[in-house]
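Visitor: Could you walk me through this one? I'd like to start with the pockets and then move on to the sheet.

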Amino acid sequence: MEKLKVGVIGATGMVGQRFIMLLHEHPYFEITALVAGPRSAGQKYGKAVLGRWKMQSACPERILNMEIISSEEVEKVGALVDFVFCAVNMKKDEIKALEEAYAKAECPVVSNNSAHRHTPDVPMIVPELNPDHAEIINA
């Protein structure tokens, strides 16, 4: 089975770091894009998180050497992934705008925040309860 290519938006933050650790060596996913704010863009991930790595396990070597892409480069990120996980810590209106930009570029977004909790065409999926809600992604 070919792995799905995924990106992590907010990769340098603590939740982004957790996503990286959960996705690294996952049987279904391959991290192909690390995304963060413009301040970190262009840096190797290892440099960007130097002194700020919060996980108990060391960051995987392959990840340390990946270059961070700016969250503003939606088309570039979209070309590298099948979908993104969003783990940003921003104001809700900023999160909505960011996630909508990716969605408009036909890049599905899996988000861990509540910015779109009441948006009618954005499903809230709890796999154990409503896995069929993921079918809206194709629409």
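Guide: One convention first: Ala, Val, Leu, Ile, Met, Phe, Trp, Tyr, Cys and Pro count as nonpolar, Asp, Glu, Lys and Arg as charged, and the others, Gly among them, as polar. Please also keep in mind that this is a predicted model.

Visitor: Okay, so how do the residues lining the second largest pocket divide into nonpolar, polar and charged?

Guide: The lining of the second largest pocket has 8 nonpolar and 6 polar residues, and no charged ones.

Visitor: And what's the volume of that second largest pocket?

Guide: The volume of the second largest pocket is about 300 Å³. It is lined by 14 residues, of which Gly-10, Ala-87, Val-88, Asn-89 and Met-90 are the closest to its centre.

Visitor: Switching to the sheet, what's the strand order?

Guide: The sheet is open, with 5 strands in the order S3-S2-S1-S4-S5 and parallel pairing. Strand S3 (68–70) and S5 are the edge strands, each pairing on one side only, and the twist averages 35° from one strand to the next.

Visitor: Which residues stand opposite each other where S4 meets S5?

Guide: Val-84 stands opposite Val-109 in S5, and Cys-86 stands opposite Ser-111 in S5. From S4 the chain passes through helix H5 (residues 92–104) to S5, in a β-α-β crossover that is right-handed.

Visitor: Which way do the S4 side chains point, and are they buried or exposed?

Guide: In strand S4 (residues 83–86), Phe-83 and Phe-85 point one way while Val-84 and Cys-86 point the other way, and all are buried. In a regular strand, side chains alternate between the two faces of the sheet.

Terms used:
Residues are numbered from 1 along each chain as its sequence is written. This is a predicted model: local features need pLDDT of at least 70, side-chain atom pairs count only at pLDDT 80 or more; totals for chains, interfaces and linings use all residues. Side-chain values use heavy atoms; hydrogens and water are left out. On a 1 Å grid over the protein atoms alone, a cavity is a set of points where a 1.4 Å probe fits but cannot get out, and a pocket is an open set with protein on both sides within 12 Å along at least five of seven lines; lining residues have an atom within 4 Å of a point. Grid points are joined across faces, edges and corners, and a volume is the space filled by probe spheres set on the points. Buried means under 20% relative accessible area, exposed over 50%, partly exposed in between (1.4 Å probe, protein chains only). Helices (H or I, at least four residues) and strands (E, at least two) are DSSP runs, numbered from the N terminus. Two strands pair if DSSP finds at least two bridges between them. A crossover is right-handed if, with the strands pointing away from the viewer, the path from the first strand over the helix to the second runs clockwise. Axes are lines fitted to C-alpha atoms, for helices over the stretch in contact, and angles run from 0 to 180 degrees between N-to-C directions.
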